[in-house]
Amino acid sequence: MIEWQWSSFADLAVADLYEMLALRQQVFVLEQTCLYPDIDGLDPGAHHLLGWHTVDGKRELAATLRCLAPGAKYDEMSLGRVVTSPSTRGTGLGRELVAQGIAC
C-alpha cells in the first residue's frame, strides 16, 4: 500500500528531500543517462508528491513527481520529474502516481 504525501518544497523534511533527489538521480541520471540538470531551479516553487511504501519494516520512497503552477514553466499547470523506483515497476504504480498528480 502506498502512503501519498503532498508537500511544498519548503515543507519537505530534509530526509524526504534527500530521498526524492536520490531517486531522481538514480533513475534519470544513472539509469537513463540523461545528461541534463535535474536540479533546474523549479523545485522550490513546485508542490511535490511522494509515494511511500514499507519494505521489511523500512519506509522507502516508491514514486515521486512535481507539480508546477501555471506560468512556472508552461502557460498551464504541468507535471514533471515523474519517477517510480525500479523495484515497483510493472505494478501499476506509475498510473496511480500520475492520477494522483492530475487530481492536484
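**Exercise 1. The two sides of α2**

Work out which exposed residues sit on the face of α2 turned away from its buried side.

*Solution.* That outward face carries Arg 95 and Ile 102, both exposed. Here exposed is over 50% relative accessible area, buried is under 20%, and partly exposed is in between, using a 1.4 Å probe and protein chains only. Before going on, keep in mind that this is a predicted model, where local features need pLDDT of at least 70, side-chain atom pairs count only at pLDDT 80 or more, and totals for chains, interfaces and linings use all residues. Residues are numbered from 1 along each chain as its sequence is written, and side-chain values use heavy atoms, with hydrogens and water left out.

Take Arg 95 next: this residue lies in helix α2, and it counts as exposed because its relative accessibility is 67%. Its C-alpha atom is separated by 12 Å from that of Leu 65, 30 residues apart along the chain.

Now flip to the other side. Helix α2 spans residues 93-102, and its buried residues are Leu 93, Leu 97 and Gly 101. Looking down the axis of α2, they fall within an arc of 75°, so they line one face of the helix; the arc is taken from the directions between the helix axis and the C-beta atoms. Helices are DSSP runs of H or I with at least four residues, strands are runs of E with at least two, and both are numbered from the N terminus.

What covers those buried residues? The cover includes β1 (3-8), β2 (47-55), β3 (58-68) and β4 (78-84).

**Exercise 2. Lay out the sheet**

Give the strand order, then find the edges.

*Solution.* Start with the order: β1-β2-β3-β4, an open sheet of 4 strands with antiparallel pairing. Strands pair if DSSP finds at least two bridges between them. The edges are β1 and β4, since each pairs on one side only. From one strand to the next, the twist averages 25°.

Then go pair by pair. β2 and β3 are antiparallel over 9 bridges, and His 47 stands opposite Cys 67 in β3. Their hairpin has 2 residues between the strands, and Asp 56 takes a positive phi near 50° there. On to β3 and β4: 5 bridges join these antiparallel strands, with Val 83 in β4 as the bridge partner of Thr 64.

Last, add the helix: α2 packs on the sheet, touching β1, β2, β3 and β4, and its direction makes about 155° with that of β4. Axes are lines fitted to C-alpha atoms, for helices over the stretch in contact, with angles running from 0 to 180 degrees between N-to-C directions.

**Exercise 3. Thr 84 and its surroundings**

Is Thr 84 buried or exposed?

*Solution.* First place Thr 84: it is found in strand β4. Its relative accessible area is 15%, so Thr 84 is buried. Then list what Thr 84 touches, leaving out residues up to four places away in sequence: Val 27, Ala 62, Ala 63, Arg 89, Leu 93, Gly 94 and Leu 97. Contact here means heavy atoms within 4.5 Å. For β3, 8 of its 11 residues are buried, which makes that strand mostly covered.
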